[in-house]
Amino acid sequence: MTAAHTVRPTRDQVLKNLVIANRVLAAYEVVDGWGHVSARDPDDADSFIMSAVRAPALVRERDLVAIRVGDGEPPAQIKASVERHIHAGIYRSRKDVTAVVHCHAEALIPFGVAGVPLRPLAHTDAFLIDGCPIWEIRAATYRDTMLVDTAELGDSLAATLAQAPIALMRGHGATIVGASIHEAVYRAIYARHAALVDLAGRSLGTVRYLSTDEARSAADSTVKTFDRTWELWSTQHGATSL
Ligand SMILES: [Zn+2]
């Protein structure tokens, strides 16, 4: 049987799944009043869809807007999150990416500032073996902003991300990508999980990370379970009420 997360979704499914993703990410404390998740428009590869400005837990389908990949601009008269440029920059540079999560999860912040790399300590977090670069905004602009508020900064973040599944943003948070909404949500939840178990492990003593071979094997296995976790999370967090 073909895994649902590997089947190209319709636009209606993407809209519904984006609402679910917003609720799930809020429930798992990946996002709070801020943070966002987007998906490439399946009917128009040069657009992506995200909540305009609403807090993730409150997002409804009518809060979603289509934004141009080319310049990160929404339709005229529509107010959109200034950090839409994170998403636009990544969709410009990564044709394989169809979903992006941006968050300020507190457990991830230390790994962007303390010189300790975020690495997989548990098999569920094995995708981190493919890299977790840190983006330094001061290397991209001399303005004092901490926000990715221009297309140029979006391109700079995307260049640091390169082919990795996640980039930490120094003093800010993280941006996570996936080939599906399911994958991006999974990775965002388990990036936070990786940070939490690492911080807990270090409080007990020296930690042992997965070897590269262990992580590659585990990452291959978890990809096959995205439908299972998505079914659980979407059922728990409101899919049946949509
Ligand atoms: Zn942010």
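This is a short tour of a predicted model, stop by stop, with something to select at each one.

**Stop 1: the zinc site**

Select the zinc ion. Four residues coordinate the ion: Glu83 through OE, and His102, His104 and His172 through NE2. The distances run from 2.0 to 2.2 Å. Check the angles among the four donor atoms: they span 92 to 135 degrees, and the site is tetrahedral. For reference, the ideal angle for four tetrahedral donors is 109.5 degrees. Now look at the sequence above. The donor residues are spaced E-x18-H-x1-H-x67-H.

Color two of the donors by accessibility. Histidine 102 has a relative accessible area of 0%, so it is buried. Histidine 104 has 26% relative accessibility and therefore counts as partly exposed.

**Stop 2: strand β4**

Stay with His102 and select β4, residues 99-103. Five of the five residues in β4 are buried. Which residues sit on each face? Ala99, Val101 and Cys103 are on one side, and Val100 and His102 are on the other. Both faces are covered. In a regular strand the side chains alternate between the two faces of the sheet.

Next, show the neighbors of β4. β1 runs antiparallel to β4, and four bridges join the two. Pick serine 38: its bridge partner in β4 is valine 100. β7 also pairs with β4 in the antiparallel sense, over five bridges. Here, pick alanine 99, which stands opposite glycine 178 in β7.

**Stop 3: the whole sheet**

Zoom out and show the strands. Seven of them form an open sheet with mixed pairing. Read across in this order: β3-β2-β1-β4-β7-β6-β5. Where are the edges? They are β3 (64-68) and β5 (134-135), each paired on one side only.

Go to the β3 edge. Select β2, residues 44-51, which pairs with β3 in the antiparallel sense over five bridges. Isoleucine 49 stands opposite alanine 66 in β3.

**Stop 4: the nonpolar cores**

Select Leu25, Leu108, Leu118, Ile181 and Val185. In the largest nonpolar core, of 44 residues, these touch the most other members. Several elements each supply at least two residues of this core, including α1, β1, β4 and β7. The largest share, ten residues, comes from α4. A second core of 24 residues lies apart from this one; Val65, Val100, Leu157 and Met169 are among its members. In soluble globular proteins, nonpolar side chains tend to be buried together.

Now center on leucine 118 and show its contacts. Leaving out residues up to four places away in sequence, leucine 118 touches Leu108, Phe111, Leu128, Cys132, Leu168, Ala191, Ala194 and Ala195.

**Stop 5: helix α6**

Finish at α6, residues 226-236. Which of its residues are buried? Select Phe226, Thr229, Trp230, Trp233 and Ser234. Turn the view to look down the axis of α6: these buried residues fall within an arc of 120 degrees, so they line one face of the helix. Flip to the other side, where Arg228 and Glu231 are exposed.

What covers the buried residues of α6? Show α1 (11-27), α4 (181-204) and α5 (212-223), which are included in the cover. Then step just past the end of α6 to glycine 238. This glycine takes a positive phi of about 105 degrees.

Notes. Residues numbered from 1 in each chain as written. Predicted model: local features only at pLDDT ≥ 70, side-chain atom pairs only at ≥ 80, totals over all residues. Heavy atoms only, no water. Buried < 20%, exposed > 50% of the residue type's maximum accessible area, 1.4 Å probe, protein only. Arc of directions from axis to C-beta. Contact = heavy atoms within 4.5 Å. Donors = N, O, S within 2.8 Å, 3.2 Å for Na, K, Ca; no water. Tetrahedral: all angles 85-135°; square planar, octahedral: opposite > 155°, others 65-115°. Core = buried A, V, L, I, M, F, W, Y, C linked by side-chain atoms within 4.5 Å. Pairing = 2+ DSSP bridges.
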